[in-house]
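Hi there,

Here is the structure I promised to pass on to you. Please open it beside this email, and then read on for what turned up in it.

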Amino acid sequence: MMGTDEQRYGEFVAVRRHEYVAELVLDRPKAMNAVSSEMARSIAAACDALAADAQVRVTVVTSTHERAFCVGADLKERNSFTDAELVRQRPTARACYTGVLDLPMPTVAAVHGFALGGGFELALACDLIVADATAVVGLPEVSVGVIPGGGGTQLLPRRVGAARAAELVFTARRVESAEARELGLVDVLVDAGEDRTEALALAARIAANSPVGLRAAKRAMRLGHGLDLRAGLEVEDAAWRSVAFSGDRAEGVAAFNEKRKPQWPGE
């Protein structure tokens, strides 16, 4: 079932390769993938390596735990921190979430079971979220006296709108899969146990396209979001110019005219 080409980043994170798709695996089963400082550093390191790898066209974030994608920050570890340690740990936590958010290629989260707090924020940092019928998502941070600090207060309103995000953050409630799909908290809903398979299949469909085009399209959408239309169209034009004279464009046009599958040079 698993790809054989696996690289470990510390004890809790692995990267598996499936041709042009990379699978970023959360693998701390004893703690339901709760993100400790060590695991946060490992996620950031894996993302740094993936970001620098031109061969990766799509990244899929998955979990080895049967009942959880990720339950968020490691609150046991947090409970032991002094105030000074909590302040010192903050950049480590941020680097983990921005590591996923800043990946230059399209990203897909494969969610089953609990994806709560920082766990849901890791999924929100991806471009698309595939969830199975067991998925339960939410941002419960205000119920323990903090706020979503892995991007949730910014990513959720961008995904579902201000008022819907406000209701979810302020009530701290957990949302089950069918409602999550209805509200737009997840994008694709599949049968129990099918999230990883479907996410990898979706990633493979995306990866058939030009790697240069995919990265430029993601950049244009990310940079343009929140700008007024005129400014956004300038962002798009700059991204278009970056691909217009690429090897991928020349190959794409040639393959189309010759009615064959493109062999992307990726540059």
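Strand E9, residues 136-138, pairs with E10 in the antiparallel sense, over two bridges. To see this pairing for yourself, look for Val-137, which stands opposite Val-175 in E10. Before going further, please keep in mind that this is a predicted model.

Both strands belong to an open sheet of four strands, in the order E5-E7-E9-E10, and the pairing in this sheet is mixed. Which strands form the edges? They are E5 (68-70) and E10 (175-176), and each of them pairs on one side only. As a general reminder, strands of a sheet pair through backbone hydrogen bonds, and they can do so in a parallel or an antiparallel way.

Now turn to strand E8, which covers residues 128-132 and is mostly covered, with four of its five residues buried. Strand E6 (residues 107-111) runs parallel to E8, and four bridges join the two. One pair to find here is Ala-109 and its bridge partner in E8, Ile-129. E8 also pairs with strand E11 (residues 188-190), again in the parallel sense, over three bridges. There, the bridge partner of Asp-132 is Val-190 in E11.

Next, the inside of the protein. In soluble globular proteins, nonpolar side chains tend to be buried together. The largest nonpolar core in this model has 48 residues. Which of them have the most contacts inside the core? They are Ile-43, Phe-69, Val-111, Phe-120, Leu-122, Leu-156 and Leu-185. Helix H1 (residues 37-51) gives the largest share of this core, six residues. Another core, of 14 residues, lies apart from it, and includes Val-58, Val-108, Val-190 and Leu-200. You have already met Val-190 as the partner of Asp-132.

Val-111 is a good residue to zoom in on. Leaving aside its neighbours within four places in sequence, Val-111 is in contact with Phe-69, Ala-123, Ile-129, Val-130, Ala-131, Asp-132, Ala-135 and Asp-195.

Helix H1 also holds Ser-42. Is Ser-42 buried or exposed? Its relative accessible area is 8%, so Ser-42 counts as buried. Not counting residues up to four places away in sequence, Ser-42 touches Tyr-9, Gly-10 and Val-13.

The loop between strand E3 (21-26) and H1 is worth a visit too, and Met-32 lies in it. Phi of Met-32 is near 50°, a positive value in a residue other than glycine. Asn-33 is found in the loop between E3 and H1 as well. Asn-33 is not a glycine either, yet it has a positive phi of about 65°. With a relative accessible area of 0%, Asn-33 is buried.

Last comes the surface. Leu-75, Val-144 and Val-146 form a nonpolar patch there, with about 280 Å² of accessible area together. Val-144 sits in the loop between E9 and helix H5 (152-160). Why is Val-144 called exposed? Its relative accessible area is 54%, and the word exposed is used for values over 50%.

If you want a route for a first look, begin with Val-137 and Val-175, move on to Val-111 and its contacts, and finish at the patch around Val-144.

Enjoy exploring, and write back with any questions!

Best wishes

Conventions: Residues are numbered from 1 along each chain as its sequence is written. This is a predicted model: local features need pLDDT of at least 70, side-chain atom pairs count only at pLDDT 80 or more; totals for chains, interfaces and linings use all residues. Side-chain values use heavy atoms; hydrogens and water are left out. Two strands pair if DSSP finds at least two bridges between them. Patches are made of residues with over 30% relative accessible area and no salt bridge: like charges are joined within 9 Å, nonpolar side chains (Val, Leu, Ile, Met, Phe, Trp, Tyr) within 5 Å. Accessible areas come from the Shrake-Rupley method with a 1.4 Å probe; for residues, only the protein chains shown count as cover. A salt bridge is a side-chain nitrogen of Lys or Arg within 4 Å of a carboxyl oxygen of Asp or Glu. Buried means under 20% relative accessible area, exposed over 50%, partly exposed in between (1.4 Å probe, protein chains only). A nonpolar core is a set of buried Ala, Val, Leu, Ile, Met, Phe, Trp, Tyr and Cys residues joined through side-chain atoms within 4.5 Å. Contact means heavy atoms within 4.5 Å.
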